[in-house]
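Here is a short set of exercises to work through with the model open beside you. Try each task before reading its solution.

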Amino acid sequence: MDPPLDPHHLVALMHETIGHHHHNVSRHEDVVEKVVGGIIDDSNTNRRTFPVLDALASISVSEPRHQVVALALQLRSQERRIRLTIAENDDVKDSLVPYLTRVWGKLRALSKEYARQRAAGEDPQRWNGFRGDSPSMPPDVGLSLRVDIFREIFQYTMQKNQRRGGKWRHRFAALVRQLHKVRGGNLHGLEKKLESAFLGLDHAYYLLSKQSLTEEDWLHIMTIMSVAADRAKLVTEDNWTCEMLANELKDPEPVPFPLRRALEKLTSQYRHFHTLVAFAHSPRLRLAFECDLSID
């Protein structure tokens, strides 16, 4: 039997509570650099692992409202074991542990594919004990696995995603129509990127509402969301433009449309999926997938 977990140890490692509120992982950047008997030994690794736990917590929330999930992760590198502890504001769903186990297994398989691709390249020895930034992700490696992981996550969180789409899409569409009206249909720069992000997200959420989807459908949705999330990021990074547009286009509404929040919410699930794919691709974090996982 495992020894009891020291709560101070877990908190020092990584801890994130996620529900239906915006959150930001930047607050974790000053975590202690060394943990006795633990896994984190520098701030760069902290910055890589906290978003992963954040993503795992997010994809564990499946209910459209009033569900909060908390996760803690402990990795014992010498024993090659990872322990994931889950808590909810209600009883943990029976489906959650098998679901996370499936996702982890597919991420492990994807990590192996990325490792094989690196080993087949030039100077494969450079990845032994690698501590630098990850290389660019090859677009064709592990494509079917990425689609499978994307489908697994979006099917499990479908109710949450449908509510999110229903809450934001119609008001977002009204803002884009108003933008076209004010500009006479001539959009440029970030405004064009905003329109492109909206059209992609609107189409993706429409496809997700269909009852049966083929493998090609899931690939199409994943591709659309990837492009839309990239465009949305360009807009949300320019906070002044978001605020300016929302205030300029608020008529006839008395309150400006929360444009930045809408973009963040509509792309949130894809961004967490992408974080997990980047985790599987990371040479620095490859050790995690060479460990046995237990979930309780």
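**Exercise 1. Which residues of H3 are buried?**

Before the solution, some ground rules. This is a predicted model, in which local features need pLDDT of at least 70 and side-chain atom pairs count only at pLDDT 80 or more, while totals for chains, interfaces and linings use all residues. Residues are numbered from 1 along each chain as its sequence is written, and side-chain values use heavy atoms, with hydrogens and water left out.

Step 1. Fix the terms: buried means under 20% relative accessible area, exposed over 50%, and partly exposed in between (1.4 Å probe, protein chains only). Helices (H or I, at least four residues) and strands (E, at least two) are DSSP runs, numbered from the N terminus.

Step 2. Go along the helix: the buried residues of H3 are Leu 96, Tyr 99, Leu 100, Val 103, Trp 104, Lys 106, Leu 107, Leu 110, Ser 111, Tyr 114 and Arg 118.

Step 3. Check the length. The expected span of a helix is 1.5 Å times one less than its number of residues. For the 24 residues of H3 that gives 34 Å, in agreement with the 34 Å between its end C-alpha atoms.

**Exercise 2. Find what Ser 111 and His 281 touch.**

Step 1. A contact here means heavy atoms within 4.5 Å.

Step 2. Start with Ser 111 in helix H3. Ser 111 counts as buried because its relative accessibility is 1%. Leaving out residues up to four places away in sequence, Ser 111 touches Ala 280, Arg 286 and Phe 289.

Step 3. Move to His 281, which lies in helix H9 (residues 259–281). His 281 is buried too, with a relative accessible area of 2%. With residues up to four places away again not counted, His 281 touches Tyr 114, Arg 118, Ser 134, Pro 135, Ser 136, Met 137 and Pro 138.

Step 4. Take one of these pairs: His 281 and Tyr 114 are 167 residues apart in sequence, yet their C-alpha atoms are 5.8 Å apart in space.

**Exercise 3. Describe helix H5 and its kink.**

Step 1. Helix H5 (residues 158–183) has 26 residues. From first C-alpha to last, H5 reaches 36 Å, close to the 38 Å expected.

Step 2. Look for the bend, which at a residue is the angle between axes fitted to the seven residues ending there and the seven starting there. H5 has a kink of about 30 degrees, centred on Arg 169.

Step 3. List the buried residues of H5, among them Trp 168, Phe 172, Leu 175, Val 176 and Leu 179.

Step 4. Look just past the helix: Gly 184 follows H5 and has a positive phi, near 65 degrees.

**Exercise 4. Which residue forms a salt bridge with Arg 169?**

Step 1. A salt bridge is a side-chain nitrogen of Lys or Arg within 4 Å of a carboxyl oxygen of Asp or Glu. The whole structure has 15 of them.

Step 2. The partner is Asp 202, at 2.9 Å from N to O. This pair links distant parts of the chain, as Arg 169 is in helix H5 and Asp 202 in helix H6 (residues 189–208), 33 residues apart. Arg 169 is partly exposed at 22% relative accessible area, and Asp 202 is partly exposed at 25%.

Step 3. Now try Lys 106, which forms a salt bridge with Asp 148, the closest N and O atoms being 3.4 Å apart. Here helix H3 (residues 96–119) is linked to helix H4, with the two positions 42 residues apart in sequence. Lys 106 counts as buried because its relative accessibility is 17%.

Step 4. Widen the view: Arg 102, Lys 106, Asp 148, Arg 151, Glu 152 and Glu 215 are linked in a network of salt bridges.

**Exercise 5. Where is the mean pLDDT of an element lowest, and where highest?**

Step 1. pLDDT is the predictor's confidence in each residue, from 0 to 100. The chain has a mean of 81, and 80% of its residues reach 70 or more.

Step 2. Among the elements, strand S1 (residues 15–18) has the lowest mean, 36, and helix H4 (residues 143–156) the highest, 96.

Step 3. Over residues 1–43 the pLDDT is below 50, and this stretch has 102 contacts in the model beyond near neighbours in sequence.
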